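Reader: I should like to learn how to read features of a protein model. May we look at one together?

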Amino acid sequence: MLNQTSVTEFLLLGVTDIQVLQPVLFVIFLATYIVNVAGNAAILMVVISDPRLHSPMYFFLGNLSCLDICYSMVTLPKMLENFLSTHKAISFLGCISQLHFFHFLGSTESMLLAVMGFDRFVAICKPLRYPLIMSHWVCVQMAITVWIIGFFHALLHSVMTSRLNFCGSNHIHHLFCDVKPLLELACGNTELNEWLLNTVTGTFAVGPFFLTLLSYSYIIIYLFFKTRSCSMLHKALSTCVSHFMVVVLFYAPVVFTYIRPATGSSVEQEWIIAIMYSVVTPVLNPMIYTLRNKEVKGALRRATSRRF
């Protein structure tokens, strides 16, 4: 149940209050939004329709593309609306909902990237047992599990934040509703919320990242001692490059936002980081996988040729 509060809506101040720049930013962010949805939808389409991509690696890639589409839909439509509006308001319930889905999709993606790293580990280090370990039913169970855990992790933050009192300013110095900006506006004690944000969200950020690094460490060690050949090592690791680039793009801004100390950071830095992980990263993910992956590029060409 939501706590009683005198604030019924929040004002998202956004990137800048210079009116001349608002239409320019609208065009830039709209183009980014279209590229994001189109790119990830194309990958999702070929993963579903092309039988050659019906493997665990591309099953999880399809989940990642679905997450990136939803991720941008949580924040970008409201940002685009605010660029063209003088009253940049979002209701209290709308703000909590945006916070919930933002953390739901973000934490789900962090765990999914760890699962994708484990998939590469099994494929390279245990190739004979790969079909058994990563069967279709096991992959479905793993995907469902990370989606469910992500949902309840976000539910914890949204419920705890909704129970706070907001009795002062309703101006959020951010692009969208997130836990940290809302805690700055809350009246009363927010120590428990801050502890949950630093500890729980920190664990969701560091834990999967550590597991991903562990998977790649095992892969490198295994290949080095098994092949003792730089060319073979490079050939095997080439299948992991796209995933590792996505991992770096995702975790760098997340760790900078939720792990580092809150003091000593400017509002401009917060905005840049927020744009990186909510706008830029979902756009770059399909580009990385289409440019680096021959099978995805081939599937896209086949899908295009069938249509035309």
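Reader: Is Cys70 buried, exposed or partly exposed?

Author: Buried means under 20% relative accessible area, exposed means over 50%, and partly exposed lies in between, with a 1.4 Å probe and protein chains only. Cys70 counts as partly exposed, at 28% relative accessibility. Please note that this is a predicted model, in which local features need pLDDT of at least 70 and side-chain atom pairs count only at pLDDT 80 or more, while totals for chains, interfaces and linings use all residues. Residues are numbered from 1 along each chain as its sequence is written, and side-chain values use heavy atoms, with hydrogens and water left out.

Reader: Why is Cys66 not bonded to Cys70?

Author: A disulfide is a covalent bond between the sulfur atoms of two cysteines. Here the criterion is a pair of cysteine sulfur atoms within 2.5 Å. The closest cysteine sulfur to that of Cys66 is in Cys70, at 4.4 Å, which is too far for a bond. Cys66 is partly exposed, with a relative accessible area of 28%.

Reader: How many disulfides are there by this rule?

Author: The count is two. One joins Cys95 to Cys177, with an S to S distance of 2.0 Å, and is left-handed, with -115° about the S-S bond. Helices (H or I, at least four residues) and strands (E, at least two) are DSSP runs, numbered from the N terminus. Cys95 lies in helix H3 (residues 92–125) and Cys177 in the loop between strand E3 (171–172) and helix H6 (179–185), so the bond ties together parts that are 82 residues apart in sequence. Both Cys95 and Cys177 are buried.

Reader: Which cysteine is joined to Cys167?

Author: Cys167 is joined to Cys187, with an S to S distance of 2.0 Å. Cys167 is exposed, at 51% relative accessible area, whereas Cys187 is partly exposed, at 25%. With bonded cysteines counted along the chain, the disulfides follow the pattern 1-3, 2-4.

Reader: How many aromatic pairs does a search of the whole structure find?

Author: A pair of aromatic rings is described by the distance of the centres and the angle of the planes. Rings of Phe, Tyr and Trp (its six-membered ring) pair if their centres lie within 6.5 Å; planes under 30 degrees apart count as stacked, over 60 as edge-to-face and the rest as tilted. The search finds 16 pairs. One of them, Phe29 with Phe83, is tilted, at 5.2 Å centre to centre and 55° between the planes. Phe29 lies in helix H1 (residues 21–49) and Phe83 in helix H2 (residues 56–83), so parts 54 residues apart in sequence are tied together.
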